Amino acid sequence: MTQKPDPQTTPPDPMELSRTMASIAERSQRIVQDFLEQQNRSAGDQDALGISDPMNIGNAFLEMTSKMMADPAKLLQAQFGLWQDYLTLWQATTARIMGGPGEAVATPERGDKRFKDDAWEESFLFDYIKQTYLLTARWMQKTVGEVEGLDEKTHRKVDFYTKQFVDAMAPSNFAMSNPEVLRATIESRGENLVKGLQNLVSDLERGHGKLDIQMTDQEAFEVGVNVGTTPGKVVYENELMQLIQYSPTTETVMRRPLLLVPPWINKFYILDLRAKNSFIRWAVEQGITVFVVSWVNPDARLAEKSFEDYMLEGPLAALDAIEKATGEREVNAIGYCIGGTLMASTVAWMAANGDDRIKSITFFTTMIDFAEAGDLSVFIDEEQLTALEDRMSKTGYLDGRAMATTFNMLRANDLIWSFVINNYLMGKEPFPFDLLYWNSDSTRMPAAMHSFYLRRMYQQNDLVKPGCITLAGTPIDLSNNRLPTFVLSTKEDHIAPWKSTYAATQVYKGPVKFCLAGSGHIAGVINPPADPPKYGYWTRKGKAPKDPEKWLETAQQTDGSWWPEWASWLGKFAGGKVPARVPGDHALVPIEDAPGRYVKARASD
């Protein structure tokens with residue numbers, strides 16, 4: 001009987017290993033050559049991470065250093081405090097080695113997944129490494145955060161990039177200080193590291209010399225096949241968008257259709273992933289005639305498309321098309337993220353022009369007051385905007401990968417370093433996950449629109465100033481919104497912080513219902529009714545106070561999805577019931593099946 005080789009004791013096949021390393025070397029050489037050729041073609045073109053400018057970051061840290069050195073006594077005190085913490089940790093570790101309890105000096109924050117492996121607790125060595133890192137990281141961030149004399153923008157920039165550095169230096173990100181990686185290396189005789197190197201080379205190949213981390217199995221999903229599958233028809237299209245009307249699943253529907261305007265920074269099918277977590281499918285099942293704007297993935301031909309064009313060719317064109325498609329003039333509407341910012345502008349524009357077709361408006365994680373824009377404001381200053389505009393002038397758009405990198409940096413541990421560990425150190429293939437597939441399906445931004453949006457809203461905060469922005473000949477005053485309004489924010493939102501989105505409750509003049517959902521910008525919105533419930537939400541009766549913290553203190557928490565809460569609110573503005581409408585049964589002839597062509601165009605095409 002032949003005994004099977006033991007992977008614990010059998011060395012790897014030297015010929016197979018040699019072939020693998022030769023293949024990696026050959027592919028690496030091609031990557032370097034492609035990268036150098038690309039650099040020669042784009043000489044002088046600044047292509048920084050996200051939308052940042054490295055020299056600008058360096059200047060911020062130089063200023064911070066000069067301010068810090070101006071008070072050496074304070075710096076010395078901070079260093080002394082760190083050494084005291086190190087001494088306490090060493091004493092606790094020594095006690096543990098000698099068999100004592102060895103109480104922890106520093107523990108990870110709740111929800112920190114980097115140290116979930118049991119060895120970080122059970123092994124005194126890895127526990128010591130972990131606590132040393134945590135003490136150093138917190139000391140560094142605290143010391144930088146307490147530097148006096150910096151302006152607010154420089155302070156925020158230094159804080160943000162210090163955190164990026166601290167996250168990058170975590171011991172979990174290195175093979176020799178990650179117990180899970182070391183265990184996998186021993187068990188596989190190093191095969192995990194070879195496989196990880198292959199994954200790294202593949203990601204560099206896909207990014208043409210730039211690292212394009214694969215977050216999920218790209219072959220596991222296809223738009224229109226197993227994501228974005230709610231039945232419907234494209235009933236209208238123009239240069240900027242396709243309008244999808246979804247097929248009914250109930251005999252009767254609300255008289256007023258629902259127009260859903262998603263962000264064009266991402267694709268609409270975040271609201272229609274799989275059947276079990278599709279907001280669109282669920283809304284159709286509630287007896288709503290749902291229309292969704294599917295934005296085009298723009299290229300250089302649309303470089304001059306403006307924010308005004310997005311209003312005229314987006315929601316306003318959609319309202320005209322909905323009336324032709326259903327015979328119904330009045331609608332309810334939803335705007336999500338920048339789609340919500342557009343809808344806030346559109347509602348104000350319509351009010352000023354006597355257009356009353358929208359009867360209620362819902363906003364998902366939408367900012368209109370950008371005074372406290374969170375970490376994204378790190379990327380918005382004159383130097384960085386000028387560099388960005390220079391980049392966009394060469395192509396006519398912002399590359400979708402640059403935008404994706406920016407958003408990923410806001411949650412680097414979850415959206416960058418966890419995949420570095422899984423893909424490159426553990427040598428594993430990414431897990432099929434519909435939300436991460438959508439997250440990787442990035443979109444481009446037209447140069448004119450994006451520059452206007454960043455300058456006039458993020459940098460100058462003009463949208464919330466009455467009459468400061470003019471669209472299609474009409475000065476915009478957001479307080480003209482006197483519609484019944486549902487404002488949804490999410491408690492852990494890194495893109496549209498909930499206290500910033502809450503500011504809308506003090507701007508709109510109609511009855512405003514504010515709802516705060518658990519989790520973040522995406523998961524907090526895509527939270528279908530389920531058993532057991534995943535995230536809860538908070539609501540409060542009466543007029544919203546000015547202070548968001550006061551609102552939260554007096555709000556009532558409810559377990560489960562906020563979707564039924566919204567549906568109950570929307571039912572008040574249904575306008576009665578009518579027989580279900582089928583796409584194509586009125587004046588508009590269907591163009592193609594949902595989800596349509598526009599959503600399938602990828603930024604890499």
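## Local backbone and side-chain features

Pro595 is found in the segment that follows strand β17, which covers residues 592–593. In this predicted model, the peptide bond that leads from Ala594 into Pro595 is cis, and its omega angle is near 10°.

**Helix α11 and its two ends**

Helix α11 runs over residues 338–352 and holds 15 residues. From its first C-alpha to its last, α11 reaches 21 Å, which is close to the 21 Å expected at 1.5 Å a residue. Is this helix enclosed by the rest of the structure, and how many of its 15 residues are buried? Of those residues, 13 are buried, so α11 is largely enclosed by the rest of the structure.

On the side that precedes the helix, Cys337 sits in the loop between β6, residues 331–336, and α11. Although Cys337 is not a glycine, it has a positive phi of about 55°. Just after α11, it is Gly354 that takes a positive phi, here of about 70°.

**Positive phi in the loops**

Asn461 also calls for a close look, since this residue has a positive phi of about 55° although it is not a glycine. Its place is in the loop that links α16, residues 447–459, with β10, residues 470–471. The table sets out the accessibility of Cys337, Asn461 and a further loop residue, Ser561, which is taken up below.

| Residue | Relative accessible area | Class |
|---|---|---|
| Cys337 | 15% | buried |
| Asn461 | 13% | buried |
| Ser561 | 11% | buried |

Because buried means under 20% relative accessible area, Cys337 at 15% falls in that class, and Asn461 at 13% does so too.

**The surroundings of Ser561**

Ser561 belongs to the loop between β15, residues 556–558, and α19, residues 563–571. With a relative accessibility of 11%, Ser561 counts as buried. Which backbone atoms lie within reach of a polar atom of its side chain? One is the backbone oxygen of Asn527, which lies 2.6 Å from a polar atom of the Ser561 side chain. Another is the backbone nitrogen of Trp563, which lies 3.0 Å from a polar atom of that side chain.

When residues up to four places away in sequence are not counted, Ser561 touches Asn527, Pro528, Pro529, Tyr535 and Tyr537. Asn527 therefore appears both among the residues that Ser561 touches and as the owner of a backbone oxygen 2.6 Å from a polar atom of the serine side chain.

Technical notes: Residues are numbered from 1 along each chain as its sequence is written. This is a predicted model: local features need pLDDT of at least 70, side-chain atom pairs count only at pLDDT 80 or more; totals for chains, interfaces and linings use all residues. Side-chain values use heavy atoms; hydrogens and water are left out. Helices (H or I, at least four residues) and strands (E, at least two) are DSSP runs, numbered from the N terminus. The expected span of a helix is 1.5 Å times one less than its number of residues. Buried means under 20% relative accessible area, exposed over 50%, partly exposed in between (1.4 Å probe, protein chains only). A polar contact is a pair of N or O atoms within 3.5 Å; within protein, one must be able to donate a hydrogen and the other to accept it, and residues adjacent in sequence count only if both atoms are side-chain atoms. Contact means heavy atoms within 4.5 Å.
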